[in-house]
Amino acid sequence: MNRILLLEDDLSLVNGLSFAFKKQGFETDIARTIQEAEDLWTEGKYDLLVLDVSLPDGSGFAFCQRVRQGSKVPIIFLTASDEETSIIMGLDIGGDDYITKPFKLGVLISRMNALLRRAKDFGSSDTKLESNGITVLLLQGQAYKNGELLDLSAGEWKLLCLFLRNPNTVLSKERILEKLWDCEGSFIDSSTLTVYIRRLRIKVEDNPSQPQMLLTVRGMGYKWNVIR
């Protein structure tokens with residue numbers, strides 16, 4: 001049984017989501033403030049976090065940042081804001097998905113199940129990926145460049161894993177979005193992916209302005225180029 005932490009201060013929404021999660025077989029803990037969420041949070045305790053952004057005592061973004069200091073647990077944001085800057089911020093600090101209110105319950109459940117499946121896939125089979133001096137330890141959720149630990153957001157780490165699992169293969173933007181964020185017609189667009197690619201290049205390339213590993217294939221997508 002998957003265990004969910006729901007951080008939401010709207011009592012009517014909490015009641016509805018709690019009932020829906022229970023029907024799906026999820027065990028759910030409820031927090032209505034950042035402080036309550038921090039009191040409940042323990043690494044390894046939850047399989048997924050569903051976080052409202054605006055809380056009485058702070059922001060779900062801030063709680064996400066604290067969680068990301070030591071955990072790769074999947075995180076979905078719930079928020080009334082659909083501004084692109086807010087979406088990019090939520091993803092950049094480590095969110096895996098972003099759903100704006102009002103939303104259809106079936107869509108939320110589908111996104112949750114997709115993230116849970118993906119987290120299981122990332123944690124199974126191989127335990128290490130290596131290419132071009134980059135090493136990813138899947139079980140630890142860590143990545144290294146020439147032995148130095150890389151400071152990657154959860155989205156950047158998953159993007160790097162996807163490329164290392166598909167070396168010398170052109171991945172279309174659509175395939176990348178589908179694999180990482182279930183983006184069929186949803187909020188994430190190619191400009192958001194471009195931000196992720198640029199930030200990942202800064203961290204893995206020796207000269208990000210002239211990338212040798214993470215290449216853009218014009219009109220087609222991106223490719224991880226194995227050079228050594």
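**Exercise 1. Two asparagines in loops**

Task: In this predicted model, find where Asn146 sits and say whether Asn146 is buried or exposed.

Solution. Start with the place: Asn146 belongs to the loop that runs between strand 10 (142–145) and strand 11 (148–149). Next, look at the backbone: the phi angle of Asn146 is near 50°, a positive value in a residue other than glycine. Finally, check the surface: Asn146 has a relative accessible area of 54%. Exposed means over 50%, so a residue at this value is counted as exposed, and Asn146 is indeed exposed.

Task: Now do the same for Asn168: which loop holds Asn168, and what is its relative accessibility?

Solution. Asn168 lies between helix 6 (154–164) and strand 12 (170–171), in a loop. Its phi is near 55°, again positive in a residue other than glycine. The relative accessibility of Asn168 is 44%, and Asn168 counts as partly exposed.

**Exercise 2. A cis peptide bond**

Task: Look at the peptide bond from Lys101 to Pro102 and decide whether the bond is cis or trans.

Solution. Read the omega angle: omega is near -5°, and the bond from Lys101 to Pro102 is cis. Then place the proline in the chain: Pro102 is in the loop between strand 7 (97–100) and helix 5 (105–122).

**Exercise 3. Cysteines**

Task: How many disulfides does a search of the whole structure find?

Solution. Recall that a disulfide is a covalent bond between the sulfur atoms of two cysteines. The search of the whole structure gives zero disulfides. You can still ask how accessible individual cysteines are. Cys64 has 0% relative accessibility and counts as buried; Cys161, at 0% as well, counts as buried too.

**Exercise 4. Salt bridges**

Task: How many salt bridges does a search of the whole structure find?

Solution. Side chains of opposite charge can pair when their charged atoms come close. The search finds ten salt bridges in the whole structure. Let us walk through some of them.

Task: What is the distance between the closest N and O atoms of Glu27 and Arg3?

Solution. The closest N and O atoms of Glu27 and Arg3 are 3.8 Å apart, and the two residues form a salt bridge. Glu27 is in strand 2 (residues 27–31) and Arg3 in strand 1 (residues 3–7), so the pair ties together parts 24 residues apart in sequence. Now check accessibility: Glu27 is partly exposed at 36%, and Arg3 is partly exposed at 24%. One more step: Arg3, Glu27 and Asp29 are linked in a network of salt bridges.

Task: Which helices hold Arg66 and Glu38?

Solution. Begin with the contact: the side chains of Arg66 and Glu38 meet in a salt bridge, 2.5 Å from N to O. Arg66 is in helix 3 (residues 60–67) and Glu38 in helix 2 (residues 34–40), distant parts of the chain 28 residues apart. Arg66 counts as partly exposed at 38%, and Glu38 is partly exposed at 29%.

Task: Is Glu156 buried or exposed?

Solution. First find its partner: Glu156 forms a salt bridge with Lys203, with the closest N and O atoms 2.7 Å apart. This pair links distant parts of the chain, Glu156 in helix 6 and Lys203 in helix 8 (residues 190–204), 47 residues apart. At 2% relative accessibility, Glu156 counts as buried, whereas Lys203 is partly exposed, with a relative accessible area of 29%.

Methods
Residues numbered from 1 in each chain as written. Predicted model: local features only at pLDDT ≥ 70, side-chain atom pairs only at ≥ 80, totals over all residues. Heavy atoms only, no water. Helix = DSSP H or I, 4+ residues; strand = E, 2+ residues; numbered from the N terminus. Buried < 20%, exposed > 50% of the residue type's maximum accessible area, 1.4 Å probe, protein only. Disulfide = S-S within 2.5 Å. Salt bridge = Lys/Arg side-chain N within 4 Å of Asp/Glu carboxyl O.
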